[in-house]
Amino acid sequence: MQHCPSCGHERDLTAMRCPECGSFYSKVIELIEQEAAAEEQASLKGRWRRVIGAADKRHALAEEYRQFKAGLTLTAKFTLWVIVAFVFALVVTVL
Ligand SMILES: [Zn+2]
């Protein structure tokens, strides 16, 4: 029987992490899980889910927006600005 490297609890061979202390049995699996969590964190779906799940939705939305803006590069900001300006110009000329 194998044991957890962190706490020595008997290892569940079907599980990827220790049920006792919650640490991962393998460093690779831990890295994969971290990667998936980071992806979820950055994805639109993950953001949306956090806003929906938050008690204070308005505050959560503002916080997500702030994080989104902080993650943008100058080029991305400029591109977004050009798109907004283009759409605005299109709407104004049609009206
Ligand atoms: Zn453990």
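This report describes a zinc site, a helical segment with a nonpolar surface patch, and the salt bridges of a predicted model.

**The zinc site**

The zinc ion is held by four sulfur atoms, namely the SG atoms of Cys-4, Cys-7, Cys-18 and Cys-21, at 2.3 Å. The angles among the 4 donor atoms run from 107 to 112°, and the site is tetrahedral. Along the chain, the donors of the zinc ion are arranged with the spacing C-x2-C-x10-C-x2-C. Two of these cysteines can be described by their accessibility: Cys-4 has a relative accessible area of 4% and is buried, whereas Cys-7, at 40% relative accessibility, counts as partly exposed. Cys-4 is called buried because its 4% falls under the 20% that marks the limit for that word.

**The helical segment and the nonpolar patch**

An unreviewed UniProt entry lists residues 74-94 as "transmembrane region". In the model, the chain over residues 74-94 is 100% helix and 0% strand, and the C-alpha atoms at the two ends of this stretch are 30 Å apart. Helix H4 covers residues 74-94, and both H4 and helix H3, which covers residues 57-71, supply at least two residues each to a nonpolar patch.

This patch lies on the surface and is formed by Tyr-65, Phe-68, Leu-80, Ile-83, Phe-86, Val-87, Leu-90, Val-91 and Leu-95, which together have about 940 Å² of accessible area. The most is given by H4, with 6 residues. One of the patch residues, Leu-80, is found in helix H4, and with a relative accessible area of 39% Leu-80 is partly exposed.

**The salt bridges**

Side chains of opposite charge can pair when their charged atoms come close. A search of the whole structure finds 5 salt bridges, and the table gives some of them, with the distance between nitrogen and oxygen for each pair.

| Pair | N to O distance |
|---|---|
| Arg-49 and Glu-40 | 2.9 Å |
| Arg-47 and Glu-64 | 3.4 Å |
| Glu-63 and Arg-66 | 2.8 Å |

In the pair of Arg-49 and Glu-40, the two side chains meet in a salt bridge. Arg-49 is partly exposed, with a relative accessible area of 46%, and Glu-40 is likewise partly exposed, with a value of 33%.

The salt bridge between Arg-47 and Glu-64 has its closest N and O atoms 3.4 Å apart. Arg-47 lies in helix H2, which spans residues 44-53, and Glu-64 lies in helix H3, so the pair ties together parts that are 17 residues apart in sequence. Both Arg-47 and Glu-64 are buried. These two residues also belong to a network of salt bridges, in which Arg-47, Arg-50 and Glu-64 are linked.

Where do Glu-63 and Arg-66 lie? Both are in helix H3, 3 residues apart, which is about one turn of the helix. Their closest N and O atoms are 2.8 Å apart in the salt bridge that they form. Glu-63 is partly exposed, with a relative accessible area of 29%, and Arg-66 is partly exposed as well, with a relative accessible area of 48%.

Helix H3 thus appears in several parts of this description: with H4, helix H3 supplies residues of the nonpolar patch, Glu-64 of H3 pairs with Arg-47 of H2, and Glu-63 and Arg-66 both lie in H3.

Methods
Residues numbered from 1 in each chain as written. Predicted model: local features only at pLDDT ≥ 70, side-chain atom pairs only at ≥ 80, totals over all residues. Heavy atoms only, no water. Donors = N, O, S within 2.8 Å, 3.2 Å for Na, K, Ca; no water. Tetrahedral: all angles 85-135°; square planar, octahedral: opposite > 155°, others 65-115°. Buried < 20%, exposed > 50% of the residue type's maximum accessible area, 1.4 Å probe, protein only. UniProt positions renumbered as here; feature names shortened; annotations may be inferred. Helix = DSSP H or I, 4+ residues; strand = E, 2+ residues; numbered from the N terminus. Patch = residues over 30% accessible without salt bridge, like charges linked within 9 Å, V, L, I, M, F, W, Y side chains within 5 Å. Areas by Shrake-Rupley, 256 points an atom, 1.4 Å probe, with all protein chains shown as cover. Salt bridge = Lys/Arg side-chain N within 4 Å of Asp/Glu carboxyl O.
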